[in-house]
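This report describes the fold, the salt bridges and the ligand surroundings of the structure shown below.

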Amino acid sequence: MTNATKPIRLYRHVLSGHAHRVELLLSLLGLPCELVAVDMARGAHKAPDFVAKCNPFGQVPVMEEGEIAIADSNAILVYLASRYDPTGRWLPRDPVEAARVQQWLSVAAGQLAYGPATARLAVLFGARVDLERAQTISRQLYDVLNGYLAERRFLVGDHPTIADIALYSYTAHAPEGGVSLDPHDHVRAWIARIEALQGFVPMRRSNPRA
Ligand SMILES: N[C@@H](CCC(=O)N[C@@H](CS)C(=O)NCC(=O)O)C(=O)O
């Protein structure tokens, strides 16, 4: 791996799956970083200086490396893999494999965000969203994913890519939004494969009833 020349700073919230996917890739790549807690309860993510970090929607995570600031978890995954993985394993350069990775990044920004991530927001944080709809989207997503993973170890090719990292955090924590993974044995086996990777770091578990 190429060593980072400037310190990497990750602005995050400890319960954000979007932020966790970045923290996870940093750890898998062996890149040290400074984790900066963003006080979302006090609206720090909407503060002008935070929005000014190329972060027009005022969201976490944001990554900073010297003069470079990148918002959006999937964009950060692309940056880190392109910059720090010279082998191209995490973000393949082959056009077909690169397209397949992008296909799953779109799922992470689509069904995963509107399904399990939204359900978790409702259950854990009391967000006023349509929980039933989010849980339905989640079940549809995991029915598809379970079938897809029945014949594969990872989402693209035979080794993990940023596609797996983008899908992992909210999937592993889907039960926190009342989405059971019990019927999806291939999804659970895939989660276990990610968690067995050298350098894996977990996201803090939350108990909705605590
Ligand atoms: N597309 C963004 C979504 C990030 C996101 O939704 N972050 C949430 C926390 S998990 C957030 O900042 N919510 C506050 C808001 O949207 O105002 C990404 O992938 O990073």
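## A buried charge in helix H1

Glu 23 has a relative accessibility of 17% and therefore counts as buried; the classes used here are buried for under 20% relative accessible area, exposed for over 50%, and partly exposed in between, with a 1.4 Å probe and protein chains only. The model is a predicted one, in which local features need pLDDT of at least 70 and side-chain atom pairs count only at pLDDT 80 or more, whereas totals for chains, interfaces and linings use all residues. Residues are numbered from 1 along each chain as its sequence is written, and side-chain values use heavy atoms, with hydrogens and water left out.

Glu 23 is engaged in a salt bridge with Arg 12, with 3.0 Å between the closest N and O atoms; the term denotes a side-chain nitrogen of Lys or Arg within 4 Å of a carboxyl oxygen of Asp or Glu. The two partners belong to distant parts of the chain, Glu 23 to helix H1 and Arg 12 to strand E1, 11 residues apart. Helices (H or I, at least four residues) and strands (E, at least two) are DSSP runs, numbered from the N terminus. Arg 12 is likewise buried, its relative accessible area being 16%.

## The sheet and its packing

An open sheet of mixed pairing is formed by 4 strands in the order E2-E1-E3-E4, where two strands pair if DSSP finds at least two bridges between them. Strand E2 (33-37) and strand E4 (68-71) are the edge strands, each pairing on one side only. From one strand to the next, the twist averages 20°. Axes are lines fitted to C-alpha atoms, for helices over the stretch in contact, and angles run from 0 to 180 degrees between N-to-C directions.

Helix H1 (residues 17-28) packs on the sheet and touches strand E1 (8-12) and E2, its direction making about 155° with that of E1; contact means heavy atoms within 4.5 Å. Strand E1 is largely enclosed by the rest of the structure, because 4 of its 5 residues are buried. The pairing of E1 with E2 is parallel and extends over 5 bridges, and Tyr 11 has Val 36 in E2 as its bridge partner. Strand E3 (residues 62-65), by contrast, pairs with E4 in the antiparallel sense over 4 bridges. Within that pairing, Glu 64 stands opposite Ala 69 in E4.

## Salt bridges across the fold

The model contains 7 salt bridges by the stated rule. One of them joins Glu 64 to Arg 9, the closest N and O atoms lying 3.3 Å apart. This pair also connects distant parts of the chain, since Glu 64 is in strand E3 and Arg 9 in strand E1, 55 residues apart. Glu 64 is buried at 13% relative accessibility, whereas Arg 9 is partly exposed at 32%. Both residues take part in a network of salt bridges that links Arg 9, Glu 34, Lys 53 and Glu 64.

A further salt bridge is made by the side chains of Arg 83 and Glu 65, at 3.7 Å from N to O. Arg 83 lies in helix H3 (residues 73-84) and Glu 65 in strand E3, so this pair ties together parts 18 residues apart in sequence. Glu 65 is buried, with a relative accessible area of 3%, while Arg 83 is partly exposed at 40% relative accessibility.

## Ligand surroundings

Which residues are around the ligand? They are Ser 16, His 18, Met 40, His 45, Lys 46, Gln 59, Val 60, Pro 61, Asp 72, Ser 73 and Tyr 170, on the criterion of a heavy atom within 4 Å.

Side-chain atoms of two of these residues approach ligand oxygen: an N or O atom of the Ser 73 side chain is 2.6 Å from an oxygen atom of the ligand, and a polar side-chain atom of Gln 59 lies 2.9 Å from an oxygen atom of the ligand. Val 60 contributes a backbone N or O atom, at 2.9 Å from a nitrogen atom of the ligand.

## Two further positions

Thr 5, in the segment before E1, is exposed at 69% relative accessibility. Leaving aside residues up to four places away in sequence, Thr 5 touches Arg 83 and Tyr 84. The C-alpha atoms of Thr 5 and Glu 132 are 47 Å apart in space, with the two positions 127 residues apart in sequence numbering.

Gln 135 lies in helix H6 (residues 131-149) and is buried, with a relative accessible area of 16%. With the same exclusion of residues up to four places away, Gln 135 touches Ala 119, Gly 177, Gly 178 and Val 179.

Technical notes. Polar contact = N/O pair within 3.5 Å; in protein donor to acceptor, adjacent residues only side chain to side chain.
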